[in-house]
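User: Please take a close look at a single part of this model. I would like one connected account of how that part sits among its surroundings.

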Amino acid sequence: MSVRSIDDIDLSNKRVLVRVDFNVPLKEGVITDDTRIVKAIPTLSHILEQSGARAVVMSHLGRPNKQPVPSLSLAPIAVHLAELMGVEVRMASDSIGPEVEREVDELPTGAILLLEN
C-alpha cells in the first residue's frame, strides 16, 4: 500500500487544518530560535498555492494548563510567520467555539489563521 502525501491531495477551495509544532523558545516575548516555524513553511506554502485554499493552523506554546496564559500566547509566532511567508496571518481569539468558527469562515483565500494556545 502506498502512502499518500499532501502533494497527492487536491486542496483547491478547501480549508485545511494543519497541526504544527510552533513550541519555540521565547525570551521576553521575542522568538530566539525559529527553526520549527521555518520547517513548516513548505507545507503551508503548498497549501496556499492551491486555488482558493486557506490554512487553519493549530499548535501550542508551553503548557498553559487549560486556561489562557498571556505569556504563552502564539501572537508573536503569528507576526513572525507573516513576515517569513509574506502572507496574511490572522490570530484567532481561541482554539474552539463560535467566535473561532466565525474567524475560520471569514478567512480569505491565501491566508492563514493561527488558533490561540
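The part to look at is helix α3, and what follows should cover its faces and its neighbours.

Analyst: This is a predicted model, in which local features need pLDDT of at least 70 and side-chain atom pairs count only at pLDDT 80 or more, while totals for chains, interfaces and linings use all residues. Residues are numbered from 1 along each chain as its sequence is written, and side-chain values use heavy atoms, with hydrogens and water left out.

Helix α3 covers residues 98–105. Helices (H or I, at least four residues) and strands (E, at least two) are DSSP runs, numbered from the N terminus. α3 lies across β1, β4, β5 and β6, where contact means heavy atoms within 4.5 Å. The helix runs at about 145° to β4; axes are lines fitted to C-alpha atoms, for helices over the stretch in contact, and angles run from 0 to 180 degrees between N-to-C directions.

The strands under α3 belong to an open, parallel sheet of four, in the order β1-β4-β6-β5. Two strands count as paired if DSSP finds at least two bridges between them. β1 (15–19) and β5 (89–91) are the edge strands, each with a single partner, so one side of each has no neighbour in the sheet. On average, neighbouring strands are turned by 25° against each other, direction ignored. β1 runs parallel to β4 (residues 54–58), and five bridges join the two; Arg19 has Met58 of β4 as its bridge partner. Another helix, α2 (residues 75–85), lies across β5 and β6 (112–114) and runs at about 170° to β5.

The two faces of α3 can be taken in turn. Val100, Glu103 and Val104 are buried, that is, under 20% relative accessible area, with exposed meaning over 50% and partly exposed in between (1.4 Å probe, protein chains only). Down the axis of α3 these buried residues fall within an arc of 100°, so they line one face of the helix; the arc is that of the directions from the helix axis to the C-beta atoms. They pack against β1, β4, β5 and β6. Val104 also belongs to a nonpolar core of eight residues that includes Ala92, Leu107 and Ala111. Such a core is a set of buried Ala, Val, Leu, Ile, Met, Phe, Trp, Tyr and Cys residues joined through side-chain atoms within 4.5 Å. This second core is separate from the largest one, which has 25 residues.

The face of α3 turned away from the buried side carries exposed Pro98, Glu101 and Asp105. Asp105 makes a salt bridge with Arg15, with the closest N and O atoms 2.9 Å apart; a salt bridge is a side-chain nitrogen of Lys or Arg within 4 Å of a carboxyl oxygen of Asp or Glu. Asp105 is in helix α3 and Arg15 in strand β1, so the pair ties together parts 90 residues apart in sequence. Asp105 counts as exposed at 54% relative accessibility, and Arg15 as partly exposed at 47%.

Arg102 also forms a salt bridge, with Glu106, at 2.5 Å between the closest N and O atoms. Both are partly exposed, Arg102 at 35% relative accessibility and Glu106 at 46%. Glu99 joins Arg102 and Glu106 in a network of salt bridges. The structure holds five salt bridges.
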